Amino acid sequence: MANTQTELIRRGVELFNQGDYYGCHEVFEEAWMDESGSQRLFLQGLIQVAVALHHLTQHNAKGATRLLAEGLQKLREHQQAQPWVAVDSLRTGAGRVLEQLQSGLPVSLGPDIRIDFVNGSDDGRKVNDVR
């Protein structure tokens, strides 16, 4: 992945973690357009989750439900495409939101809906500061 791609993903993650889901989707989409294969599908999963959360902020539960389900499936299937992006917390939090939507419960976006980076070391420590 080119350095520009890395910068785009870092910027998208920063926007996502700030709750700017629409802006994040725009940045991820820019990175997505130049990718193929598993990497492209992983980025598409991130885009779908971000757009789903944006739909929630616009009170569109139906659109959010569909996109969350599709995005989470892609993240499960293609997580290995981007080993330095840790989406475990995101998958857990977004999965919880999806369950709330599907069961008609009130939805709460918690601090577990975030994307982290994995340090380049072998011990797998997470690096949360994307600035």
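Colleague: Which residue forms a salt bridge with Arg11?
Modeller: In this predicted model, a salt bridge needs a side-chain nitrogen of Lys or Arg within 4 Å of a carboxyl oxygen of Asp or Glu. The closest N and O atoms of the pair are 2.4 Å apart. The partner of Arg11 is Glu14.

Colleague: In which helix do Arg11 and Glu14 lie?
Modeller: The two residues are 3 residues apart, about one turn of the helix. Both lie in a helix that covers residues 3–17. That helix is H1.

Colleague: Is Glu14 buried or exposed?
Modeller: Buried means under 20% relative accessible area. Glu14 has 15% relative accessibility, so Glu14 counts as buried.

Colleague: And what is Arg11, buried, partly exposed or exposed?
Modeller: The class between buried and exposed runs from 20% to 50% relative accessible area. Because Arg11 has 38% relative accessibility, Arg11 counts as partly exposed.

Colleague: How far apart are the closest N and O atoms of Glu70 and Arg66?
Modeller: Both residues lie in helix H4, 4 residues apart, about one turn of the helix. They form a salt bridge, for which the cut-off is 4 Å. The closest N and O atoms are apart by 3.6 Å.

Colleague: Which class of accessibility does Glu70 fall in?
Modeller: Glu70 has a relative accessibility of 32%. Its salt-bridge partner is Arg66, which at 48% counts as partly exposed. Glu70 also counts as partly exposed.

Colleague: Which residue does Arg114 meet in a salt bridge, and is that residue buried or exposed?
Modeller: The side chain of Arg114 meets that of Asp116, 2.8 Å from N to O. Arg114 is partly exposed, with a relative accessible area of 23%. Asp116 has a relative accessibility of 4%, and the limit for buried is under 20%. The residue is Asp116, and Asp116 counts as buried.

Colleague: How many salt bridges does the structure hold?
Modeller: Among them are Arg11 with Glu14, Glu70 with Arg66, and Arg114 with Asp116. For the structure, the number of salt bridges is 4.

Colleague: At what angle do H4 and H5 pack?
Modeller: H4 spans residues 61–78 and H5 spans residues 88–103. Their axes are 10 Å apart, and H4 passes H5 in a left-handed crossing. The packing angle is about 145°.

Colleague: How many nonpolar residues does the contact of H4 with H5 have?
Modeller: The residues in contact include Leu68 and Leu72 of H4 and Val97 and Leu98 of H5. By class, 3 residues are polar and 2 are charged. The nonpolar residues number 11.

Notes: Residues are numbered from 1 along each chain as its sequence is written. This is a predicted model: local features need pLDDT of at least 70, side-chain atom pairs count only at pLDDT 80 or more; totals for chains, interfaces and linings use all residues. Side-chain values use heavy atoms; hydrogens and water are left out. Axes are lines fitted to C-alpha atoms, for helices over the stretch in contact, and angles run from 0 to 180 degrees between N-to-C directions. A crossing is left-handed if the near helix is turned anticlockwise from the far one by less than a right angle, and right-handed if clockwise. Contact means heavy atoms within 4.5 Å. Ala, Val, Leu, Ile, Met, Phe, Trp, Tyr, Cys and Pro count as nonpolar, Asp, Glu, Lys and Arg as charged, and the others, Gly among them, as polar. Buried means under 20% relative accessible area, exposed over 50%, partly exposed in between (1.4 Å probe, protein chains only).
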